[in-house]
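Subject: Structure for you to look at

Hello,

Here is the structure we talked about, with the sequence alongside. Please open both before reading on; my notes follow below.

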Amino acid sequence: MENMKRIVLSFLFVALAATASAQYRDISWGVKGGLNLSNIRNTSHPQPKTGANAGVFLTLDMGRGWSFQPELMYSEQGNIMADQQGDNAAYDETYAFDCINLPLMFRYRVAGGLHVEFGLQAGWKISARYHGENYNVDADSPDYAKMGWWSIPSPNYNTFDLQMPLGLSYDFKPGVFVSARYNVGLTNTFQGYTYNPYGNTQAVVFQLSAGWRFRVRE
């Protein structure tokens with residue numbers, strides 16, 4: 001975790017230094033939303049889970065095709081672990097995380113409205129639950145091995161999440177844009193043997209989104 005904090009702080013320093021020294025040619029803000037396909041590596045029979053993403057952003061044009069874009073996003077993430085063997089029968093177990101993410105993105109205009117995007121994203125899980133059999137209670141409880149939605153105990157997952165996004169976007173006129181990103185997790189989603197027996201349970205998220213950009217200054 002200390003290494004991850006150093007990475008975040010180093011990236012923030014570089015981003016702030018680059019933006020502070022730039023003379024912004026254009027400033028814009030906007031709203032965006034779309035679809036997530038998320039998964040978690042090294043889990044049992046992992047299958048992607050669908051979810052939504054939505055948020056706001058600010059774009060600072062630094063010139064020569066470069067811009068810096070901080071965002072504040074709500075994101076539904078997790079995965080499905082298929083064919084789990086329970087007391088009742090085989091079933092699919094769904095893990096769902098509601099996250100608040102802060103992507104810090106650099107954008108480079110390749111041609112026309114086409115941009116390449118890359119950066120670093122810090123995230124915080126504001127809720128964690130799963131659908132399956134409940135093994136977080138005593139064996140003599142009526143809820144033991146009962147199917148349903150259950151909260152994941154906080155010691156079993158990391159509330160902080162660090163990801164590295166890479167993607168493409170295209171700006172249309174007057175303000176519509178579309179984007180596609182692939183986020184690679186750098187931190188484990190789960191911790192402790194019960195939820196993380198294999199280790200290295202990083203999240204991966206593919207995002208499709210569309211939005212509208214409003215010019216503040218040109």
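Glu-117 has a relative accessibility of 2%, so the residue counts as buried, the cut-off being under 20%. This is a predicted model, and what follows should be read as a description of that model. The side chain of Glu-117 forms a salt bridge with the side chain of Arg-107, at 3.3 Å from N to O. The two residues are ten apart along the chain, with Arg-107 in strand S5 and Glu-117 in strand S6. Arg-107 is buried as well, because its relative accessibility is 3% and the limit is 20%.

Arg-107 also has another partner. A salt bridge joins Arg-107 to Asp-171, and their closest N and O atoms are 3.5 Å apart. Here the separation along the chain is 64 residues, since Asp-171 sits in strand S8 (residues 160-171) and Arg-107 in S5. Which residues are joined into one network by salt bridges that share partners? They are Lys-32, Glu-71, Arg-107, Glu-117, Asp-171, Arg-181 and Arg-213. As general background, side chains of opposite charge can pair when their charged atoms come close.

The count of salt bridges comes to seven. One of them is between the side chains of Asp-26 and Arg-215, at 2.5 Å from N to O. This pair links distant parts of the chain: Asp-26 belongs to strand S1 (residues 26-40), Arg-215 belongs to strand S10, and their positions lie 189 residues apart in the count along the chain. Are these two residues buried or exposed, or something in between? Asp-26 is buried at 12% relative accessibility, whereas Arg-215 is partly exposed, with a relative accessible area of 44%.

Next, the cavities. The structure holds three of 30 Å³ or more, and the largest has a volume of about 70 Å³. Its lining includes Lys-32, Glu-71 and Arg-181, and these three names also appear in the salt-bridge network. Other lining residues include Asn-53, Met-73, Pro-103, Gln-121 and Leu-208. Strands S4 (66-85), S5 (90-111), S9 (176-188) and S10 (202-217) each give two or more residues to this lining. The largest share, three residues, comes from S10. By type, the lining divides into three nonpolar, six polar and three charged residues.

Then the nonpolar residues. In soluble globular proteins, nonpolar side chains tend to be buried together. The largest nonpolar core in this model has eleven residues, among them Ile-40, Met-81, Phe-97, Cys-99, Tyr-130, Trp-150 and Phe-190. S5 and strand S6 (114-133) are the elements that give two or more residues to this core, and S5 gives the most, with three. A second, separate core has six residues, including Ile-27, Leu-60, Leu-104 and Phe-106.

Cys-99 is worth a look on screen. Leaving aside residues up to four places away in sequence, Cys-99 touches Met-73, Tyr-74, Ser-75, Gln-77, Trp-124, Lys-125 and Ile-126.

Last, a residue in strand S4: Ala-82. Ala-82 is buried, because its relative accessible area is 10% and buried means under 20%. The C-alpha atoms of Ala-82 and Thr-43 are separated by 9.9 Å, and the two residues are 39 apart along the chain.

Regards

Conventions
Residues numbered from 1 in each chain as written. Predicted model: local features only at pLDDT ≥ 70, side-chain atom pairs only at ≥ 80, totals over all residues. Heavy atoms only, no water. 1 Å grid on protein atoms, 1.4 Å probe; cavity = no way out; pocket = protein on both sides within 12 Å on 5 of 7 lines; lining within 4 Å. Points joined across faces, edges and corners; volume = space filled by probe spheres on them. Helix = DSSP H or I, 4+ residues; strand = E, 2+ residues; numbered from the N terminus. Nonpolar A, V, L, I, M, F, W, Y, C, P; charged D, E, K, R; others polar. Buried < 20%, exposed > 50% of the residue type's maximum accessible area, 1.4 Å probe, protein only. Core = buried A, V, L, I, M, F, W, Y, C linked by side-chain atoms within 4.5 Å. Contact = heavy atoms within 4.5 Å. Salt bridge = Lys/Arg side-chain N within 4 Å of Asp/Glu carboxyl O.
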